[in-house]
Amino acid sequence: MKLTEMPPHDLSRRKPDEYFEGYRQLAREAFTTVTAHGPYYNVVSTSKAVQETTTRAFLIAVQRAKLAGAQIFNLHLGWRAYMDRRDIEVAGEVLKKLAEEAGPDMVISVEVPYTRRMHGLWDEIRELRSIVGEDRLIASVQLENAWMLETGASETGDFEGANSQATTDFWKDVLRRTMGA
């Protein structure tokens, strides 16, 4: 597989449609899969104005990713806002809008975070998939994020201790969690 990813910067800056169409033409010649990494905005906010602005920005990013020929739109959900059930409900609504905008040729992928203080834990992704649709939302696992999350390295700063935990069984468990999300 030859994979490329359009970076968040490109999707969050004002560029003409021709830029994204040109990207699609070039990428199609060199790669089998084109992904787009969404901007680093929190998906959930307690401020209605901020919520509307970031949702609109994500929708524009999906439109641009579609022009660029992306088959996957990847994003981080960001920090928890309400610290209760509303976080999942609001994130689910935003992700449904993104999936609708993306259309049938693109899936939305949610990255597993590096800390439990952020959205996107394994069980949360599983729940979001049931809200958005199993075929529309997938889990994306950056190995360093999963490593920091599962070992607690992002909380303790003990990277050497975390490294000693990263055994074959540890990585098999990460794979199992990914497949179950």
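In which sense do strand 4 and strand 5 pair, and over how many bridges? Strand 4 (residues 107-111) and strand 5 are paired in the parallel sense, and four bridges join them. The model described here is predicted. This briefing covers its sheet, the helices that lie across the strands, one helix-helix contact and the largest pocket.

**The sheet**

- The sheet is open and consists of five strands in the order 1-2-3-4-5, with parallel pairing.
- Strand 1 (3-6) and strand 5 (137-140) are at the edges and have a single partner strand each, so one side of each has no neighbour in the sheet.
- On average, neighbouring strands of this sheet are turned by 30° against each other, direction ignored.
- Within the pairing of strand 4 with strand 5, V110 has A139 of strand 5 as its bridge partner.
- In general, the strands of a sheet pair through backbone hydrogen bonds, in either a parallel or an antiparallel manner.

**Helices across the strands**

- Strand 1 and strand 2 (33-37) are crossed by helix 2 (residues 17-30), which runs at about 170° to strand 1.
- Helix 4 (residues 86-102) lies across strand 3 (72-75), strand 4 and strand 5, and its direction is at about 145° to strand 4.

**Contact of helix 6 with helix 9**

- Helix 6 (residues 143-151) packs against helix 9 (residues 168-180) at an angle of about 105°, and their axes are 11 Å apart.
- Helix 6 is therefore roughly perpendicular to helix 9.
- Helix 6 contributes L143, A146, W147, E150 and T151 to the contact, while helix 9 contributes F170, W171, V174 and R177.
- By class, six nonpolar, one polar and two charged residues make up this contact of helix 6 with helix 9.

**The largest pocket**

- The largest pocket holds about 180 Å³ of space.
- Its lining consists of L3, E5, T35, I72, N74, S109, E111, I138, A139, S140 and Q142.
- At least two residues of this lining come from each of strand 1, strand 3, strand 4 and strand 5.
- Strand 5 gives the most to the lining of the largest pocket, with three residues.
- A139, the bridge partner of V110, is one of the residues that line the largest pocket.
- Sorted by class, the lining of the largest pocket has four nonpolar, five polar and two charged residues.

Definitions and conventions: Residues numbered from 1 in each chain as written. Predicted model: local features only at pLDDT ≥ 70, side-chain atom pairs only at ≥ 80, totals over all residues. Heavy atoms only, no water. Axes fitted to C-alpha atoms, helices over the stretch in contact; angles between N-to-C directions. Parallel < 35°, antiparallel > 145°, perpendicular 65-115°, else oblique. Contact = heavy atoms within 4.5 Å. Nonpolar A, V, L, I, M, F, W, Y, C, P; charged D, E, K, R; others polar. Pairing = 2+ DSSP bridges. 1 Å grid on protein atoms, 1.4 Å probe; cavity = no way out; pocket = protein on both sides within 12 Å on 5 of 7 lines; lining within 4 Å. Points joined across faces, edges and corners; volume = space filled by probe spheres on them.
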